[in-house]
Amino acid sequence: MVYLAVVILGLMRMGWRGLGRARVELRAGEVRVVGLCTQWRIPAVAVRTVETEGGLHLVTVHGDQVSVFAFSASLIDRDRTVRAAAAHIRRVLPRRPAPRATAPPATRRIDWRWADISLIPGALGTVAVMTGIL
């Protein structure tokens, strides 16, 4: 029962990370893409294009392609399609991106919180059950 409770808590946490937390934020001079495990901070002048083929993707002048996996609290969730969200992002961006030599780079960082510790026992327990230890 304890193992089942840990697995359920871990699944709830992953569900929240994927459906409740993932989003696109438009800030002054910056686009922030919060995903399952990472967070991208992209200066607005560094965004070359916003593509909608096969989902929503931001391409920077440095060649980074940032795929957006966002539902809740994002542009995609507010009765908008991916194309409408992309159009909204394009309206906020500067008309011309900065040249590659002067554009600040996009930064990506791992984004884990203290509550994500609840995922560790479930993963370890799954490995133990699959290998026959438990």
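Two residues are in contact when heavy atoms of theirs lie within 4.5 Å. Among contacts in this chain between residues at least 6 apart in sequence, 61% join residues at least 24 apart. The model described here is predicted. The chain has 134 residues, of which 37% are buried, and it contains 3 helices and 7 strands.

**Overall architecture**

- Read from the N terminus, the elements follow the order α-β-β-β-β-β-β-α-β-α.
- The chain exposes about 8,400 Å² of surface, and carbon and sulfur atoms supply 63% of that area.

**The sheet of β4, β5 and β6**

- Strands β4, β5 and β6 form an open sheet of 3 strands, in the order β4-β5-β6 and with antiparallel pairing.
- The edges are taken by β4 (47–51) and β6 (65–68); each has a single partner strand, so one side of each lacks a neighbour in the sheet.
- On average, neighbouring strands of this sheet are turned by 20 degrees against each other, with direction ignored.
- Strand β5, which covers residues 56–60, pairs with β6 in the antiparallel sense over 4 bridges.
- Leu56 has Val68 of β6 standing opposite.

**Thr60, a buried residue of β5**

- Thr60 is placed in strand β5.
- The relative accessible area of Thr60 is 1%, and buried means under 20%, so this residue counts as buried.
- Apart from neighbours within four places in sequence, Thr60 is in contact with Ile42, Ala46, Val47, Arg48 and Ala106.

**A nonpolar patch on the surface**

- Met1, Leu4, Ile8, Leu9 and Met12 make a nonpolar surface patch of about 580 Å².
- One of these residues, Leu9, lies in helix α1, which spans residues 2–21.

**Salt bridges**

- The structure holds 5 salt bridges.
- Arg23, Glu25 and Arg27 are linked in a network of such bridges.
- Within this network, the side chains of Glu25 and Arg27 meet at 2.7 Å, N to O.
- Glu25 counts as buried at 16% relative accessibility, whereas Arg27 counts as partly exposed at 40%.
- Another salt bridge joins Arg41 and Glu30, whose closest N and O atoms are 3.1 Å apart.
- This pair links distant parts of the chain: Arg41 belongs to strand β3 (residues 38–43) and Glu30 to strand β2 (residues 30–34), and the two are 11 residues apart.
- Arg41 has a relative accessibility of 36% and counts as partly exposed, while Glu30, at 15%, counts as buried.
- A salt bridge is also formed by the side chains of Asp111 and Arg109, at 3.8 Å from N to O.
- Asp111 is buried, with a relative accessible area of 0%, whereas Arg109 counts as partly exposed at 41% relative accessibility.

**Points to retain**

- In the sheet, β4 and β6 are the edge strands, and β5 holds Thr60.
- In the salt bridges described, the acidic partners Glu25, Glu30 and Asp111 are buried.
- The arginine partners Arg27, Arg41 and Arg109 are partly exposed.

Terms used: Residues numbered from 1 in each chain as written. Predicted model: local features only at pLDDT ≥ 70, side-chain atom pairs only at ≥ 80, totals over all residues. Heavy atoms only, no water. Pairing = 2+ DSSP bridges. Axes fitted to C-alpha atoms, helices over the stretch in contact; angles between N-to-C directions. Patch = residues over 30% accessible without salt bridge, like charges linked within 9 Å, V, L, I, M, F, W, Y side chains within 5 Å. Areas by Shrake-Rupley, 256 points an atom, 1.4 Å probe, with all protein chains shown as cover. Salt bridge = Lys/Arg side-chain N within 4 Å of Asp/Glu carboxyl O. Buried < 20%, exposed > 50% of the residue type's maximum accessible area, 1.4 Å probe, protein only.
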